[in-house]
Amino acid sequence: MRIHNVTRHDEEIVVAQTGSEVSFISDAELTRCRIVLKVASVSIRHATFIDCTIEAKRQLSNREFYGNRFVRCTFKGRYHGCGFGDSPELYGPGELVDADFSAAELYGCRFLNVDVSRIHFPRWPCFTIVDPANAGALREQPWPDSRYEVLVDITLTPARGTVAVSWHAPTLVKKMGGTEEELRRLLEPLPFVIL
């Protein structure tokens, strides 16, 4: 499905797979729309979303939503390894303002060049590390398994402009070991972690 060079208001837009074609939204302006993503892969470029709800019915993995404007939008569904915000050197200018991810599952998602005070991150069992470049105390934690060093390395060596990284505790525990309770106990005292 292709949504290109359109302006739409107050509509439900269902993005579904059509054959082997990659679905994309580009150069579009969508206001007060409900965008239902029924695809595992979608490309969104140079689009503006205002007061929209974006719902991933299937897990979206390794998608980059940079170079788009999301203003007062709500995100629902599962986003793993996705990037949000502004990365102008790679994708052109973008914006993520007053976004609500409280109904989303975020795992390994990065937020670039955004004001984290204007983002509503999901709460536990998701957690968000803000200002990861200054989160060196992560290295000092007694992680339940040495595999957590991967999490620490990814978080502490962020892409330029990274202001937050969000994780999903059940997925981490499944991949890395330990328990959700152990992980929460390690994270609770850290001032740069949103639980």
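**Exercise 1.** How many bridges join strand β8 to strand β10, and in which sense do the two strands run?

*Solution.* Keep in mind that this is a predicted model. Take residues 48-50 for β8 and residues 69-71 for β10: the two are joined by 3 bridges and run parallel. For one concrete pair, start at Thr48, whose bridge partner in β10 is Arg69. Now zoom out. β8 and β10 belong to an open sheet of 5 strands, ordered β2-β5-β8-β10-β13, with parallel pairing. At its edges stand β2 (7-9) and β13 (95-97); each has a single partner strand, so one side of each has no neighbour in the sheet. As for twist, neighbouring strands here are turned by 5° against each other on average, if you ignore direction.

**Exercise 2.** Work out whether Thr48 counts as buried or exposed, and list what Thr48 touches.

*Solution.* First, place the residue: Thr48 sits in strand β8. Next, check the number. Its relative accessibility is 14%, and the cut-off for buried is under 20%, so Thr48 counts as buried. Finally, look at the contacts. Leaving out residues up to four places away in sequence, Thr48 touches Ala28, Glu29, Leu30 and Arg69. Arg69 should ring a bell, as the bridge partner of Thr48 in β10.

**Exercise 3.** Sort the residues of strand β3 by face, then find the strand that pairs with β3 over 4 bridges.

*Solution.* β3 covers residues 12-15; Ile13 and Val15 make up the covered face, while Glu12 and Val14 are on the uncovered one. The pairing partner is strand β6 (residues 34-37), in the parallel sense. From the covered face, Ile13 has Ile35 as its bridge partner in β6.

**Exercise 4.** Find the buried residues of helix α2, say where they lie around the axis, and describe how α2 meets α3.

*Solution.* Step one: in α2 (residues 148-156), the buried set is Tyr148, Leu151, Val152, Thr155 and Leu156. Step two: these residues span an arc of only 115° around the axis, so they are on the same side of α2. Step three: they pack against β17 (126-130), β18 (162-168), α3 (169-176) and α4 (180-187).

Now the helix pair. The axes of α2 and α3 come within 9 Å and cross at roughly 130°. That makes α2 oblique to α3. Tyr148, Val150 and Leu151 of α2 make the contact with Leu172, Val173 and Met176 of α3. Sorting the residues of this contact gives 6 nonpolar, no polar and no charged.

Terms used: Residues are numbered from 1 along each chain as its sequence is written. This is a predicted model: local features need pLDDT of at least 70, side-chain atom pairs count only at pLDDT 80 or more; totals for chains, interfaces and linings use all residues. Side-chain values use heavy atoms; hydrogens and water are left out. Two strands pair if DSSP finds at least two bridges between them. Axes are lines fitted to C-alpha atoms, for helices over the stretch in contact, and angles run from 0 to 180 degrees between N-to-C directions. Buried means under 20% relative accessible area, exposed over 50%, partly exposed in between (1.4 Å probe, protein chains only). Contact means heavy atoms within 4.5 Å. The arc is that of the directions from the helix axis to the C-beta atoms. Angles under 35 degrees count as roughly parallel, over 145 as roughly antiparallel, 65 to 115 as roughly perpendicular and the rest as oblique. Ala, Val, Leu, Ile, Met, Phe, Trp, Tyr, Cys and Pro count as nonpolar, Asp, Glu, Lys and Arg as charged, and the others, Gly among them, as polar.
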